[in-house]
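Subject: Structure handover

Hello,

Here is the structure for you to look over. My notes follow below it.

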Amino acid sequence: MCGIFGIVTNNQEISVGKVVFDGIKRLEYRGYDSCGIVSLCNSKLYVKKEAGKIDEIYKNVKLDEVPDGTKLALAHTRWATHGTPTKQNSHPHLDCLNKIAVVHNGIIDNFMELRNELSSTGHTFNSDTDTEVIPHLIEDFMKKGFNLKVATINALKKCKGAYAIAVCQVDNPDTIIVARKESPLIIGIEEGKTTYCSSDIPAFLPLTRKCYIMEDNELAVLKAGEVNFFDLKNDNELIKKKIQNIEWNIDAAEKGGYEHFMLKEIYEEPNALRLTMKISEQLLSKFANALLSADNIYITAAGTSYHAALAGKFIITRFLGKHIQDIECSEFETQLKGSLQNNSVIIAISQSGETIDTIEAIRWAKKAKSVKILTITNVVGSSITRYSDHVIVTNAGPEIGVAATKTYSTQVLALALIAVSIAKIRKIISDEDIIKYYDALTGIPNIIDKFLEKNVDLIKYIVNNLEKNMNYFFLARGISIATAKEGGLKLKEVACRFIEGYSAASAKHGPISLVREGFPIIFIAPPDETYNRLVGNVMEFKSRGGRIISVVVESDVKITKLSDITIRIPQPADKYHNLFSPITFMPALQLLAYYAALAHDLDPDKPLNLSKTVTVH
Ligand code: M6R
């Protein structure tokens, strides 16, 4: 959560104000409670900050206008943790003398203690944030005669918690100091000219493809077109890091004619899936063999990634012949303390690779026992990969919309590919069947393309039809419970509706009591082994006045007859395709959520109170 961006340059051609403004705008998905920019010029800091989304702020505060001749600037977009989303609590935060500015992503756990200590020695604070202690600590160390770099190192030694910080100081107009612990930080570089720091790569991708990915406990000194890294754990020794060349196409991180990232990313699903199909056989069999030789298997993640885990668990267990226990990452340690055994395998899923609860779950497990971590992420080099034995990168390309869409489908696809690889190794199904499962997987992108081509008007019609409803059920059985939960989560987060994504069978043990005339119930109904029982559940809800919207395959008859509206997925009604319905059925529900957000005048890319990357517990 929170995004930081910085630039230091000697390139006269560059408009620092525009670059830093564009950079922070690209990071807005990380938090949009407030935004601030500090520029350093003529030995003075110029701060502009305000609460709200960047576009709203810009109407009154021209964030991109900085004094002529500015060569260095830092920016921040905030997802509030400590202190309400106000101008005062917006970053950057300064020291008492207005000489040092800091932007920060993370949480300083012991900030209260530090703040009391600093206040008692005469420091004045202007915000309720944890961050504000950092410039004051640096100020203290500089007063003692340390230079900016050493003062920052000493300040960080006093801070417990997580941080990616960028610091500038008026007497060092050509230097930005950055440091990272548990929050992402990337350095982009145009050698000899300009250096950038950013919470992610797409923010500087239009400017350079060359970058360094910072690791935990590293500090870097950035000058124009030059960077030096230091190891905070090893006497602040100078370290050599490998420069990376980013292959992503910048179009992938821009809206490309779509009104919102969410819509663009739904339409990118077929291609993202095609690319994810290319995961090497070798890597898949590493995952498969690790699972086959494990005594216990867990699968863990948060939010949408957890729903992908539920779907994937179902698919894998079909062929694995062993139980997989799913546990939400925030509950992992609590639930497994005392029972986690050696020779367990944990599948961890995180599109960003930065979700702190997921990282902590696997870090704890690694420390507690001899376990293997198999990770599925969308971000090469993300924090989670450091704690993993094997990593699958899903190839969905950058996902900017806060609501996960294409990363969900590709996560489920990666898990499905592992499942088929297991079936192959175990030889539990015929070669002919293996080919049919592969063919079904290969055909998914075309099914989604076809669906998206023909169904947008229907989805808009459903949205209009349901417009006034505040509450919904998403019901299903078997593998589709994961689809119901994820479809429900999408509508909940972007359209601010209350949705219960639930088992259709369990719904009659309580939730059904909510149903009145016209109550909308969305049934996810692929023709798998649960279908006939689901027909019964549809009747139970229909007879109580429920308005039935069902998602079915094209050839469906029975549930179609019982439904007020059907969404038809153009896929064959066979067991091969049914097993992968969490992927083929999902774009319908994602589109439903997207158009519902528009109908309610909400910005689907910036759902209320959310952030794309959740780096707090
Ligand atoms: O980056 P991760 O996959 O670890 O993120 C997990 C959740 O925070 C994320 O899926 C969240 O639920 C999204 N807003 C869902 O759209």
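Helices here are DSSP runs of H or I with at least four residues, numbered from the N terminus. On that basis, Thr 483 sits in helix α15, residues 480-495. Please keep in mind that this is a predicted model.

Domains

The chain splits into domain 1 (3-248), domain 2 (260-429) and domain 3 (452-601). Between the centres of domain 1 and domain 2 there are 33 Å, taken over C-alpha atoms. Eleven residues from domain 1 and eleven residues from domain 2 form the contact.

Cores

The largest nonpolar core holds 91 residues. Leu 291, Ile 316, Ile 418, Phe 474 and Phe 580 have the most contacts inside it. Helix α12 (residues 406-426) is the top contributor, giving twelve residues. Domain 2 (260-429) and domain 3 (452-601) each supply at least three residues to this core. Another core lies apart from it and has 31 residues. Among them are Phe 5, Ile 7, Cys 211 and Val 402.

What does Phe 474 touch, leaving aside neighbours within four places in sequence? Its contacts include Ala 484, Gly 487, Gly 488 and Leu 491. Ile 499, Glu 500, Gly 501 and Tyr 502 are also in contact with Phe 474. The list is completed by Ile 522, Ile 524, Leu 589 and Leu 592.

Ligand

There are 14 residues around the ligand. Ser 305, Ser 350, Ser 352, Thr 355 and Glu 493 come nearest. Three polar distances are worth checking on your side:

- Ser 350: an N or O atom of the side chain is 2.6 Å from a ligand oxygen.
- Ser 352: an N or O atom of the side chain is 2.6 Å from a ligand oxygen.
- Thr 304: a polar backbone atom is 3.0 Å from a ligand oxygen.

Taken alone, the ligand exposes 410 Å². The protein buries 92% of that.

Three residues to look at

Back to Thr 483. Is Thr 483 buried or exposed? Its relative accessibility is 0%, so Thr 483 counts as buried; the cut-off for buried is under 20%. Not counting residues up to four places away in sequence, Thr 483 touches Ile 524, Pro 582, Phe 585, Met 586 and Leu 589. Ser 127 is 356 residues from Thr 483 in sequence. In space, the two are 43 Å apart, C-alpha to C-alpha.

His 123 belongs to the loop between α3 (111-120) and α4 (133-143). His 123 counts as buried because its relative accessibility is 7%. Which side chains make polar contacts with the side chain of His 123? One is that of Glu 139, at 3.4 Å. Another is that of Asp 140, at 2.7 Å. Both residues also appear in the contact list of His 123, together with Cys 96, Leu 118 and His 136. That list leaves out residues up to four places away in sequence.

Lys 240 lies in the loop between β14 (237-239) and β15 (244-245). The relative accessible area of Lys 240 is 84%, so this residue is exposed; exposed means over 50%. Phe 229 is eleven residues from Lys 240 along the chain. Their C-alpha atoms are separated by 6.9 Å.

Best wishes

Note on methods: Residues are numbered from 1 along each chain as its sequence is written. This is a predicted model: local features need pLDDT of at least 70, side-chain atom pairs count only at pLDDT 80 or more; totals for chains, interfaces and linings use all residues. Side-chain values use heavy atoms; hydrogens and water are left out. A nonpolar core is a set of buried Ala, Val, Leu, Ile, Met, Phe, Trp, Tyr and Cys residues joined through side-chain atoms within 4.5 Å. Buried means under 20% relative accessible area, exposed over 50%, partly exposed in between (1.4 Å probe, protein chains only). Helices (H or I, at least four residues) and strands (E, at least two) are DSSP runs, numbered from the N terminus. Domain bounds come from an automatic or database domain assignment. Contact means heavy atoms within 4.5 Å. A residue is near a molecule or strand if one of its heavy atoms lies within 4 Å of it. A polar contact is a pair of N or O atoms within 3.5 Å; within protein, one must be able to donate a hydrogen and the other to accept it, and residues adjacent in sequence count only if both atoms are side-chain atoms. Accessible areas come from the Shrake-Rupley method with a 1.4 Å probe; for residues, only the protein chains shown count as cover.
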